[in-house]
Amino acid sequence: MLAAAAVCPCPPLLQPQVAAGAAAELAALRESCAAALDTLAEARPDRLVVLGPGVGEDRTPYPPGAPGSFRGFGAAVDVVLGSPAPAPGAAPLPASLAVGAWLLADHGWAACPVEGLAVGTGCPPGRCAELGAELAAGPARTALLVLGDGSACRTVKAPGYLDERAAPFDALAAEALGAADTAALAGLAPVLAEEVGAAGRAPWQVLAGAAAGAGLAGKLLYDEAPYGVGYFVAAWS
């Protein structure tokens with residue numbers, strides 16, 4: 001069963017050494033992420049799945065101890081998923097899950113075992129729903145840390161330049177995340193999400209599948225678009 005979920009964005013800039021001189025600009029975002037993780041810990045889950053965007057159209061699991069790094073973003077920072085030491089032979093985490101591993105380490109997470117799951121940004125909505133249902137199946141109290149950004153086209157200086165459809169898309173996503181509206185999340189259009197650069201679409205729809213029927217309430221903790229990219233933080237419990 002799904003006991004709780006936290007939704008956070010996954011820009012590498014969340015890591016202060018990557019952000020460098022711009023680190024203070026995202027202080028409120030980091031604080032909101034920490035508050036969302038508090039909600040997960042308070043739910044006393046049996047396991048935590050860190051869920052974020054990957055490549056392709058399906059899932060890639062990552063075990064506890066999977067290593068990640070921010071060295072490709074100019075910071076000599078290494079992370080390990082839910083473990084003090086890397087697991088021998090584990091594949092490296094994609095950037096989204098590396099951000100999740102860093103958030104958990106920064107939070108001092110010790111509430112339960114952690115595993116990772118990357119979901120391809122091309123994963124169809126129906127498949128996302130199936131993956132979510134699989135995550136929530138069984139008697140174990142499962143928590144999800146769901147990573148994903150909104151549109152990357154909110155301003156002319158955004159990574160995807162300005163797209164007039166980006167702000168309405170983000171408004172719909174933010175409202176759904178804040179209200180724990182699984183039907184609205186499931187209804188996000190994958191083609192539009194791709195066109196406005198919203199990498200969070202697939203992970204959010206996995207969350208919708210996991211939370212269907214769970215009766216969770218949501219709270220939106222952050223909704224801003226620094227650098228022209230939509231960042232949302234929400235807590236479901």
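User: Hey, how big is the largest pocket here, by volume?
Analyst: The largest pocket has a volume of about 170 Å³. Keep in mind that this is a predicted model.

User: Okay, which residues line the largest pocket?
Analyst: Its lining is made of Thr121, Gly122, Cys123, Pro124, Pro190, Val191, Ala193, Glu194, Ala198, Ala199, Arg201 and Ala202.

User: And which helices each supply at least two residues of that lining?
Analyst: Those are helix H7 (190-195) and H8. The largest share, 4 residues, comes from H7.

User: What's the lining like by class?
Analyst: You get 8 nonpolar residues, plus 2 polar and 2 charged.

User: Let's stick with H8 for a sec. At what angle do H4 and H8 pack?
Analyst: Helix H4 (residues 125-136) packs against helix H8 (residues 201-211) at an angle of about 50°, and their axes are 6 Å apart. The two helices are therefore oblique to each other.

User: Is that crossing left-handed or right-handed?
Analyst: H4 passes H8 in a right-handed crossing.

User: Which residues meet there?
Analyst: On the H4 side, there are Pro125, Cys128, Ala129, Leu131, Gly132, Ala133, Leu135 and Ala136. On the H8 side, they meet Arg201, Ala202, Gln205, Val206, Gly209 and Ala210. By class, this contact has 10 nonpolar, 3 polar and 1 charged residues.

User: New topic: how far apart are the axes of H2 and H3?
Analyst: The axes of helix H2 (residues 27-42) and helix H3 (residues 95-107) are 10 Å apart, with a packing angle of about 75°. That angle makes H2 roughly perpendicular to H3.

User: Which residues make that contact?
Analyst: From H2 you have Arg30, Cys33, Ala34, Leu37 and Asp38, while H3 brings Trp102, Leu103, Leu104 and His107.

User: How many of those are charged?
Analyst: The contact of H2 with H3 has 2 charged residues, along with 6 nonpolar and 1 polar.

Technical notes:
Residues are numbered from 1 along each chain as its sequence is written. This is a predicted model: local features need pLDDT of at least 70, side-chain atom pairs count only at pLDDT 80 or more; totals for chains, interfaces and linings use all residues. Side-chain values use heavy atoms; hydrogens and water are left out. Axes are lines fitted to C-alpha atoms, for helices over the stretch in contact, and angles run from 0 to 180 degrees between N-to-C directions. Angles under 35 degrees count as roughly parallel, over 145 as roughly antiparallel, 65 to 115 as roughly perpendicular and the rest as oblique. A crossing is left-handed if the near helix is turned anticlockwise from the far one by less than a right angle, and right-handed if clockwise. Contact means heavy atoms within 4.5 Å. Ala, Val, Leu, Ile, Met, Phe, Trp, Tyr, Cys and Pro count as nonpolar, Asp, Glu, Lys and Arg as charged, and the others, Gly among them, as polar. On a 1 Å grid over the protein atoms alone, a cavity is a set of points where a 1.4 Å probe fits but cannot get out, and a pocket is an open set with protein on both sides within 12 Å along at least five of seven lines; lining residues have an atom within 4 Å of a point. Grid points are joined across faces, edges and corners, and a volume is the space filled by probe spheres set on the points.
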